[in-house]
Amino acid sequence: MKKIIFSLLLLPMISCATVNKSTTNTKPVKATVQNNNGYWQQHVDYKMDIDMDVKTYQYKGNQKLVYTNNSPDVLDKVFYHLYFNAFQPNSQMDIRSRNIADPDGRVGDRISTLSPSEIGYIKVNSLKQNGTAVRHETVGTILEVTLNQPIQPGESVTFDMLFDAQVPKQIRRSGRDSKEGVALSMTQWYPKMAEYDFEGWHTPPYIGREFHGVWGNFEVTLHIDKNYVVGGSGYLQNPQEVGHGYEKKGEQLNLPSGNKLTWKFTAPNVHDFTWAADPEYIHDTYKMDNGIDLHFLYKKTLEPVFFENWKKLQPKTAELMEYFSANIGQYPYKQYSVIQGGDGGMEYAMCTLITGKRKWGSLFGVTAHELAHTWFQFLLATNESKHPWMDEGFTTYISNKAENEILGEGKENPHEGSYRGYNYVVKNNIEEPLSTHADRYHTNTAYGVASYSKGNIFLSQLEYIIGAENVAKTLKKYFEDFSFKHPIPNDIKRTAEKVSGIHLDWYLNEWTQTTHTIDYGIKSVNGKEVTLERIGKMPMPLDVEVTYADGSKELFNIPLRMMRGEKKSSATKLEDWTFAHPTYSFSISKEVKSVEIDPSKLMADVNSENNTFSVK
């Protein structure tokens, strides 16, 4: 979602779009009728007509939602998210921010001071199920709906809703009049059906973390002041009626005579819809050779140095698109937009909102991270609330590698910052398991390090366990099998197991469900016998490099027995080390000068001081 920067640790954090195309090569999810043993997911089709008043920041919405129950269950209730209701004094987001030990500086106590004209809200005026009014109640950021008739497995029903809404003052992700002067950052702005899956309904209150959505199709009609340039999710269907850089060259514009333009978008096979608008946007289009159009919307009032960075960003974004498509899977849509807006950086369907006043390295880095989220969360749509490490961590992993290659940084380990962040929370005793719900970490620091740093290390350390080549194959297989679905932690583990032939249940359990740490040490070197010890609770296979007195080196690999295999390596393979045995000894053939555990530094050993031994 964003490239978060903590003051003590440089931790990657961060995080939409229009073009005159109505088709996409996205593949539909095949599952429709399901049973308890098969994969299924719900489906939504939204049609929304939105009338925006840019003077009052209020808008009226007419939403028709066709909801298809692909589950094996009978549903007697449904639930919508009303995210804008979080931006009101005494909301859960407000109270949480004012009570957590290390509040997000962008939020702090700002929600508590909002005036009635500055708060956000979504008020549902009417709701019908198949044409008949249905009972509903707004509870914070959730709309609870008691159905007139239960929705049967395989059945589709239509919900018609009329709602009024107000855009909050820009505080977190969404809002009006950002610090950089962007008029409208419209994220999580509409009543959004909650996800129902094999675990049940997912209806967490909006406290400030991430999102989870139902796959489907969107048709959005937006009426807004004619001076405003709009970018966002989906393909613009009427470019000649709006212009602003979307029109087909050589064809006549057909602009209406009134004060507003009508923008018509379609977004197929996505699980969200976002837009942003400003009267001072410049709109550039960069056409890639593969037919993908990149859109860039940023304010013309940017200082010259920032303005030039946005120009420089455009071909580099194309390089990033090519890198991620080659190393994960082909980007399936025909456009992507990078838009100045929001409060830092955040990923959305077919686009990202990022702040624009950035030095070159920061602008490229935030774009790399947010674009990578298109794969890890928007195509591989994990539940970010429950498994943010699969979203933020995997994004950090692949964007670090992309930046290292595209910018020619030449780092041997581009993930060093994540290892430093992880060691920080361990040594300060504030680490929490990756299985912690995103909203319920005790500190923002613990959440950030867990999700971005430890989540990244899950993959970088997996290179140490099964080999870098197998991790690369795992990511491609994972995309092939789970794009346009909602994968869970077991899915990435099983994919890696199938690719490598190595058992990894122990790794998923130890790294994500506990705070056990890795600490191996060299206990002794007696003549030609080396003895190692496991001090930490988490077991690992080991690479051990021995430098002999004659200057030659030999790398040894000690598999963990519960792996039932080992990575392919040129290292000398030794006998398995079991979890139960605290020490392990092996013999070498020549006089020893020094011994080092894990010369690659990919193993997240929390105490490196006992990893080397030199013979005096």
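**Notebook: strands, a helix and a core**

I began with strand β18, where I found that A276 is the bridge partner of G231. The model I am reading is a predicted one.

**Entry 1: the open sheet**

I next looked up how β15 and β18 run relative to each other. Strand β18 covers residues 275–278, and its pairing with β15 is antiparallel, over 4 bridges. I then traced the sheet to which they belong. It is an open sheet of 4 strands, in the order β9-β10-β18-β15, with antiparallel pairing. I noted that β9 (175–176) and β15 (229–232) are the edge strands; each has a single partner, so one side of each has no neighbour in the sheet. As a reminder to myself, strands of a sheet pair through backbone hydrogen bonds, either parallel or antiparallel.

**Entry 2: strand β21 and its partners**

I asked how many residues of strand β21 are buried. The count is 6 of the 6 residues in 335–340, so this strand is largely enclosed by the rest of the structure. I also checked which way its residues point. Q335, S337 and I339 point one way, while Y336, V338 and Q340 point the other way, and all are buried.

I then looked up the partners of β21. Strand β20 (residues 293–299) pairs with β21 in the parallel sense, over 5 bridges. Within this pair, S337 of β21 has H295 opposite it. I followed the chain from β20 to β21 and found that it passes through helix α2 (residues 304–327); this β-α-β crossover is left-handed. Strand β23 (residues 351–354) also pairs with β21 in the parallel sense, here over 4 bridges. In that pairing, I354 of β23 stands opposite Q340.

**Entry 3: helix α7**

I checked the length of helix α7, which has 23 residues (444–466). At 1.5 Å a residue the helix should span 33 Å, and its end C-alpha atoms lie 32 Å apart, which agrees. I recorded a kink of about 30 degrees in α7, centred on A450. Is α7 buried or exposed? I found 23 of its 23 residues buried, so the helix is largely enclosed by the rest of the structure. After α7 comes G467, which has a positive phi, near 100 degrees.

**Entry 4: the largest nonpolar core**

I asked which residues touch the most other members of the largest nonpolar core. This core has 181 residues, and those with the most contacts to other members are F159, L184, W189, I224, W275 and F586. Helix α7 gives the most to this core, with 11 residues.

I then took F586 as an example. Leaving aside neighbours within four places in sequence, I found F586 in contact with nine residues' worth of listed partners, including V544, V546, F556 and I558.

**Entry 5: strand β26 and its partners**

I turned to strand β26 (residues 542–548), which is mostly covered, with 6 of its 7 residues buried. Strand β27 (residues 553–558) runs antiparallel to β26, and 6 bridges join the two. One bridge partner I looked up in β27 is L555, which is matched with E545. The two strands form a hairpin with 4 residues between them, and G551 in the turn has a positive phi of about 95 degrees.

I also found that β26 pairs with strand β30 (residues 592–597) in the antiparallel sense, over 5 bridges. In β30, I597 is the bridge partner of V544. I closed the entry by noting that V544 is also one of the residues in contact with F586.

Technical notes:
Residues are numbered from 1 along each chain as its sequence is written. This is a predicted model: local features need pLDDT of at least 70, side-chain atom pairs count only at pLDDT 80 or more; totals for chains, interfaces and linings use all residues. Side-chain values use heavy atoms; hydrogens and water are left out. The expected span of a helix is 1.5 Å times one less than its number of residues. The bend at a residue is the angle between axes fitted to the seven residues ending there and the seven starting there. Buried means under 20% relative accessible area, exposed over 50%, partly exposed in between (1.4 Å probe, protein chains only). Two strands pair if DSSP finds at least two bridges between them. A crossover is right-handed if, with the strands pointing away from the viewer, the path from the first strand over the helix to the second runs clockwise. A nonpolar core is a set of buried Ala, Val, Leu, Ile, Met, Phe, Trp, Tyr and Cys residues joined through side-chain atoms within 4.5 Å. Contact means heavy atoms within 4.5 Å.
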